[in-house]
Amino acid sequence: MTTKELGVVEFMAQIPKTFSFGVGTNCVITPTDLHGGILRLSISVEVETADGKTNVLSRYADTQRSGQQFGFAVGNTMVSLTPVLKVP
């Protein structure tokens, strides 16, 4: 299994961030602020088809404390990041 370290990632509540995992494969993470430094991370792995459409391969959600390292698998890749909620 390979690993991909994204480091510290700043999120704003309800604003998705997209990370590329190679040609046509993306991981979209959308945070929800559950208050008290707790985040719900909704993760979607998507691929672009030859005709330009997007297919969702998988969806995953987890609850995580802001500032604490978090990991999940995308196919054969272990993804690691430290989500931090940025307050406007």
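In this predicted model, strands β6 and β7 make a hairpin, with just two residues sitting between them. Glycine 75 is in that turn, and its phi is positive, at about 60°. The two strands run antiparallel and are joined by five bridges, with β6 covering residues 70–74 and β7 covering residues 77–85. One of the facing pairs brings together phenylalanine 72 and its bridge partner in β7, valine 79.

Strand β6 also shows two faces. Phe70, Phe72 and Val74 lie on the covered face, while Gly71 and Ala73 lie on the uncovered one. That fits a handy rule of thumb: in a regular strand, side chains take turns pointing to one face of the sheet and then the other.

The hairpin belongs to an open sheet of three strands, ordered β1-β7-β6, and here the pairing is mixed. Strands β1 (2–11) and β6 are the edge strands, each pairing on one side only. Ignoring direction, neighbouring strands in this sheet are turned by 25° against each other on average.

There is another open sheet to look at, built from four strands in the order β2-β3-β4-β5, with antiparallel pairing. Its edges are β2 (17–20) and β5 (54–65); each has a single partner strand, so one side of each has no neighbour in the sheet. From one strand to the next, the twist averages 20°.

Zooming in on the β2 edge, its partner is β3 (residues 25–33), and four bridges join the two antiparallel strands. Phenylalanine 19 stands opposite cysteine 27 in β3.

Note on methods. Residues numbered from 1 in each chain as written. Predicted model: local features only at pLDDT ≥ 70, side-chain atom pairs only at ≥ 80, totals over all residues. Heavy atoms only, no water. Pairing = 2+ DSSP bridges. Axes fitted to C-alpha atoms, helices over the stretch in contact; angles between N-to-C directions. Buried < 20%, exposed > 50% of the residue type's maximum accessible area, 1.4 Å probe, protein only.
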